[in-house]
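Thanks for asking me to look this one over. Below are my notes, written as numbered points so you can go through them with the model open.

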Amino acid sequence: MSSEGLFISFEGIDGAGKSTHIAGLADAFRAAGREVVLTREPGGTPLAEKLRALVLGDAMDPLTESLLVFAARRDHLVTVIEPALARGDVVLCDRFTDATFAYQGGGRGFDLGVLRQLETWVQGSPTAPNGLRQPHLTIWFDLPPAVAAERLAGARVPDRFESQPAEFFARVAQGYADRAAAEPARFARIAADQPVPAVWQAVRSTCAARGWIAPEAGA
Ligand SMILES: Nc1ncnc2c1ncn2[C@@H]1O[C@H](COP(=O)(O)OP(=O)(O)OP(=O)(O)O)[C@@H](O)[C@H]1O
Ligand SMILES: Cc1cn([C@H]2C[C@H](O)[C@@H](COP(=O)(O)O)O2)c(=O)[nH]c1=O
């Protein structure tokens, strides 16, 4: 019997802890017998990875930045995400369009109406509910920007986003909160300011509660 495709995005400010848990969730889905596509944005295809390098490395204005992340998304959707969902796979994506609303909309202060228009064009899909492809679930790692900054301090050479000041990340965090408030059924908020095992339990139980993976043995 084939399963319905499942699209789950991981979101949060830089350093919130998304990447620490995405591979573990992939393993949990594989243990439940599902094929998993683990991917990220911007990126996930050879073309989109080239656009990622530009977006993270080169100075540009907010409209150019928004167009590039949506161009990368279009290629990613058409060549990776939609085919995987059509096969019935689970797609685990490290960031998707909520990041654009949070970073370009919140962080950069770019026009949300233009972003909504680009979202409609890029994510239009005849097989998606209401014709617009969105994740079935968005796991939002909510972490105070000061804690995220402490975690990232000295960990790696900061890119164009990671080198932004605290005020930028406060606006990005507000951008995520606004998206979550607008679509509470799609978002699962994880309190990311907890030890790694507690955050993992929260991630796991979010999916187990939907019947997608088994609850932890003994739970
Ligand atoms: N719950 C936690 N408590 C303390 N440190 C953590 C926790 N989760 C992750 N970290 C550490 O914080 C740093 C950032 O984590 P991670 O790379 O998973 O974040 P991220 O959300 O994927 O960041 P980015 O989007 O910037 O790549 C890493 O050094 C990681 O080991
Ligand atoms: C999808 C997307 C991402 N960004 C930003 C957010 C992060 O700072 C980087 C990606 O780096 P990560 O280590 O892989 O998280 O890109 C953005 O500004 N807009 C977007 O749409």
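1. Let me begin with the helices around ligand 2, bearing in mind that this is a predicted model. Three of them, H2 (46-57), H3 (62-87) and H4 (97-107), each give at least two residues to the shell around this ligand. The largest share comes from H4, with four residues.

2. The shell around ligand 2 has 14 residues in total, and the closest are Asp14, Arg52, Arg95, Thr100 and Gln104. By residue class, the shell around ligand 2 splits into six nonpolar, two polar and six charged.

3. Which polar contacts would I look at around ligand 2? The side chain of Arg95 places an N or O atom 2.6 Å from an oxygen atom of ligand 2. For the side chain of Thr100, the distance from an N or O atom to an oxygen atom of ligand 2 is 2.6 Å. Gln104 contributes a polar side-chain atom 2.8 Å from a nitrogen atom of the ligand. On its own, ligand 2 exposes 480 Å², and 94% of that is buried by the protein. As for its location, ligand 2 sits in the largest pocket.

4. Arg95 deserves a second look for its backbone. Its phi is near 85°, which is a positive value in a residue other than glycine. Most residues other than glycine have a negative phi. Arg95 is found in the loop between strand E3 (90-94) and H4, and Arg95 is also among the closest residues to ligand 2.

5. Now to ligand 1, which also has 14 residues around it; Lys18, Ser19, Thr20, Arg156 and Gln194 come nearest. Helix H1 (residues 18-31) supplies the largest share of this shell, three residues. The shell of ligand 1 is made up of three nonpolar, five polar and six charged residues.

6. What are the polar contacts of ligand 1? An N or O atom in the side chain of Ser19 is 2.3 Å from an oxygen atom of ligand 1, a value you may like to check by eye. The side chain of Asp14 has an N or O atom 3.0 Å from an oxygen atom of the ligand. Asp14 is also listed among the closest residues to ligand 2. With Gln194 the contact is through the backbone: an N or O atom there lies 2.8 Å from a nitrogen atom of ligand 1. The protein covers 72% of the 630 Å² of accessible area that ligand 1 has on its own.

7. Where does ligand 1 sit? The space it takes is the largest pocket, and the largest pocket is also where ligand 2 sits.

8. Another backbone detail is the cis peptide bond that joins Glu41 and Pro42, with omega at about -10°. Most peptide bonds are trans. Pro42 belongs to the loop between strand E2 (36-40) and H2, and H2 is one of the helices that supply residues to the shell around ligand 2.

9. Finally, the aromatic side chains. How many aromatic pairs does a search of the whole structure find? There are eight. One of them is the pair of Phe10 and Phe141, which is stacked, at 5.7 Å centre to centre and with 25° between the planes. Phe10 is in strand E1 (residues 6-11) and Phe141 in strand E4 (residues 137-142), so this pair ties together parts that are 131 residues apart in sequence.

Key
Residues are numbered from 1 along each chain as its sequence is written. Chains are lettered from A and ligands numbered from 1 in the order in which they are written. This is a predicted model: local features need pLDDT of at least 70, side-chain atom pairs count only at pLDDT 80 or more; totals for chains, interfaces and linings use all residues. Side-chain values use heavy atoms; hydrogens and water are left out. A residue is near a molecule or strand if one of its heavy atoms lies within 4 Å of it. A polar contact is a pair of N or O atoms within 3.5 Å; within protein, one must be able to donate a hydrogen and the other to accept it, and residues adjacent in sequence count only if both atoms are side-chain atoms. Accessible areas come from the Shrake-Rupley method with a 1.4 Å probe; for residues, only the protein chains shown count as cover. On a 1 Å grid over the protein atoms alone, a cavity is a set of points where a 1.4 Å probe fits but cannot get out, and a pocket is an open set with protein on both sides within 12 Å along at least five of seven lines; lining residues have an atom within 4 Å of a point. A molecule sits in a cavity or pocket if more than half of its atoms lie within 2 Å of its grid points. Ala, Val, Leu, Ile, Met, Phe, Trp, Tyr, Cys and Pro count as nonpolar, Asp, Glu, Lys and Arg as charged, and the others, Gly among them, as polar. Rings of Phe, Tyr and Trp (its six-membered ring) pair if their centres lie within 6.5 Å; planes under 30 degrees apart count as stacked, over 60 as edge-to-face and the rest as tilted.
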